[in-house]
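Okay, thanks for making the time, everyone. I'd like to walk you through one model today, so let me put it up on the screen.

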Number of protein chains: 2
Amino acid sequence: MFSQTVEYALRAAVFLASKIGAPQTNEQISAATLVPAAYLSKVLQNLSRGGIVQAQRGKHGGFSLARSPRELTILEVVTAVDPIERIRTCPLGLKAHGVRLCPLHKRLDNALAEVERAFASTTLFEILAEPTKSVPLCKFPLPTSDQGRAKAPACRD
Amino acid sequence: MFSQTVEYALRAAVFLASKIGAPQTNEQISAATLVPAAYLSKVLQNLSRGGIVQAQRGKHGGFSLARSPRELTILEVVTAVDPIERIRTCPLGLKAHGVRLCPLHKRLDNALAEVERAFASTTLFEILAEPTKSVPLCKFPLPTSDQGRAKAPACRD
DNA sequence: GGATAACTGGACATTCTTGTCTTCTTTACG
DNA sequence: CGTAAAGAAGACAAGAATGTCCAGTTATCC
């Protein structure tokens with residue numbers, strides 16, 4: 001139900017959030033997130049236009065998050081590439097319905113609202129900070145011992 | 001975020017729910033729901049295969065709900081034409097993630113689960129029974145007086 | 001049983017999403 | 001300044017979703 005583009009954008013954003021201060025090239029992001037490089041560059045362009053990431057051309061260039069992972073939400077990433085379209089007026093174009101949606105569309109819109117709310121309430125930071133055995137984008141599970149727990153393990157880079 | 005097909009299927013299902021005992025032809029449903037007739041017939045075929053509606057060929061034929069509106073949920077209609085695909089395994093195909101989704105995909109899947117839950121908890125009957133000024137698929141708002149409140153107003157047919 | 005009404009199924013067209021490729025521009029570094 | 005690294009932009013290809021059309025099949029009625 002979420003588009004491929006949304007999935008790709010989130011992978012890229014989460015990856016960049018784990019690389020603060022170190023711009024990543026399209027190739028590097030592609031390798032880490034398993035998103036086709038040629039398409040990823042389009043997605044990153046949209047994220048750039050949407051103010052989610054910053055692009056730097058030339059040698060030593062690449063993409064980096066434009067804002068702190070602590071304030072960047074899933075919703076903002078999604079909105080930059082494939083905005084959730086709330087149902088604001090009757091899809092049948094019935095004038096009588098206008099702003100007041102019928103019970104059917106009210107429920108559909110409520111579901112959209114709930115998704116929006118959920119996405120708006122999670123930051124990239126939270127996703128990276130969550131203790132889990134499945135580190136985002138990481139091939140290897142966290143060691144169960146507490147060796148190397150000092151910081152999140154570096155993965156796929 | 002919901003496909004056109006889902007929107008169309010729900011319109012048709014709600015309409016049929018308001019016409020229990022009276023099969024409606026593809027043309028009638030199309031006229032009432034403003035769904036292109038040629039495409040609607042495909043949607044209805046899927047609803048038929050999914051056991052949501054019953055098709056009757058020949059003169060006086062048409063489509064009718066296969067089950068009671070009181071037990072038919074939005075989710076069942078949606079599932080028949082365009083199932084919500086929950087995220088069950090890591091979309092990157094990382095073996096280490098397997099069944100345990102990473103925090104990112106866990107949240108995406110939670111959103112899907114929430115939509116599923118919301119859809120599963122609403123029946124077609126509830127949608128028709130809800131007191132509102134915007135009757136589903138109906139061109140005209142309910143009269144504010146209580147004349148003609150005996151049953152839901154007939155609309156678009 | 002013939003005519004008519006209606007769904008069925010398949011072929012086709014159109015549009016949108018996803019994906020690829022090539023050329024251009026910008027930047028850093030020697 | 002020249003070269004190489006990198007993103008930007010546009011054209012194009014493939015596939016899926018949406019939409020249209022038509023011939024075939026089934027059911028009812030006279």
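Let's begin at the DNA. Of the 24 residues around DNA strand C, the ones that come nearest are A:Ser3, A:Pro36, A:Gly58, B:Asn26 and B:Ala55. Before anyone asks, this is a predicted model, so please hear everything I say with that in mind.

Which elements supply that surface near strand C? At least two residues each come from α1 (4-17) and α3 of chain A, and from α3 and β2 (62-65) of chain B. The one that gives the most is α3(B), with four residues. By residue type, the surface near DNA strand C splits into six nonpolar, 13 polar and five charged.

Now over to the other strand. DNA strand D is surrounded by 24 residues, and the closest are A:Ala55, B:Ser3, B:Gln4, B:Pro36 and B:Gly58. Here the elements giving at least two residues each are α3 (37-49) and β2 (62-65) of chain A, plus α1 (4-17) and α3 (37-49) of chain B. For strand D, α3(A) gives the most, with four residues. The split for this surface is six nonpolar, 13 polar and five charged.

Okay, let's step back to chain A as a whole. Chain A has six helices and two strands, and from the N terminus the order goes α-α-α-β-β-α-α-α. Chain A is 157 residues, of which 35% count as buried. If you like contact maps: among the contacts in chain A with a separation of 6 or more, 58% are between residues 24 or more positions apart.

Next, the hairpins. In chain A, strand β1 (residues 53-56) and β2(A) run antiparallel, joined by four bridges. One pair to click on is A:Gln54, which stands opposite A:Ser64 in β2(A). There are five residues between the strands, and in this hairpin A:Gly58 has a positive phi near 80 degrees. You'll remember A:Gly58 from the list of residues that come nearest to DNA strand C.

The loop between β1 and β2 of chain A also holds A:His60. Its phi is near 65 degrees, so we have a positive value in a residue that isn't glycine, and A:His60 is exposed, with 7 other C-beta atoms within 10 Å. As a reminder, most residues other than glycine have a negative phi.

Over in chain B, strand β1 (residues 53-56) and β2(B) pair in the antiparallel sense over four bridges. Here B:Gln56 has B:Gly62 in β2(B) as its bridge partner. With five residues between the strands, this hairpin has B:Gly58 at a positive phi near 80 degrees.

While we're in chain B, have a look at helix α2 (residues 26-33). Its buried residues are B:Asn26, B:Ile29, B:Ser30, B:Ala32 and B:Thr33. What covers them includes α1, α3 and β2 of chain B. Just after α2(B) comes B:Leu34, in the loop between α2 and α3 of chain B. B:Leu34 has a positive phi of about 60 degrees although it is not a glycine. Buried or exposed, then, for B:Leu34? Neither, quite: B:Leu34 is partly exposed, because 15 other C-beta atoms lie within 10 Å, and the buried class starts at 20.

Now for helix α5 of chain A, residues 103-120. A quick sanity check on its length: at 1.5 Å a residue, those 18 residues should span 26 Å, and the end C-alpha atoms of the helix are 25 Å apart, which agrees. Which residues of α5(A) are buried? They are A:Leu104, A:His105, A:Arg107, A:Leu108, A:Ala111, A:Val115 and A:Phe119. Looking down the axis of α5(A), they fall within an arc of 165 degrees, so they line one face of the helix. The general picture is that an α-helix has 3.6 residues a turn, so residues three or four places apart point the same way. And the packing crosses between chains: the buried residues of α5(A) pack against α4 (74-81) of chain A, along with α1, α4 (74-81), α5 (103-120) and α6 of chain B.

Last stop: α6 of chain B, residues 124-129, which contains B:Glu126. B:Glu126 is partly exposed, with 15 other C-beta atoms within 10 Å. B:Glu126 and B:Lys42 sit 84 residues apart in sequence and 26 Å apart in space, C-alpha to C-alpha.

That's my tour; over to you.

Methods
Residues are numbered from 1 along each chain as its sequence is written. Chains are lettered from A and ligands numbered from 1 in the order in which they are written. This is a predicted model: local features need pLDDT of at least 70, side-chain atom pairs count only at pLDDT 80 or more; totals for chains, interfaces and linings use all residues. A residue is near a molecule or strand if its C-beta atom, placed from the backbone, lies within 6 Å of it. Ala, Val, Leu, Ile, Met, Phe, Trp, Tyr, Cys and Pro count as nonpolar, Asp, Glu, Lys and Arg as charged, and the others, Gly among them, as polar. A residue is buried if 20 or more other C-beta atoms lie within 10 Å of its own, exposed if 12 or fewer, and partly exposed in between; C-beta atoms are placed from the backbone. The expected span of a helix is 1.5 Å times one less than its number of residues. The arc is that of the directions from the helix axis to the C-beta atoms. Two residues are in contact if their C-beta atoms, placed from the backbone, lie within 7 Å. Two strands pair if DSSP finds at least two bridges between them.
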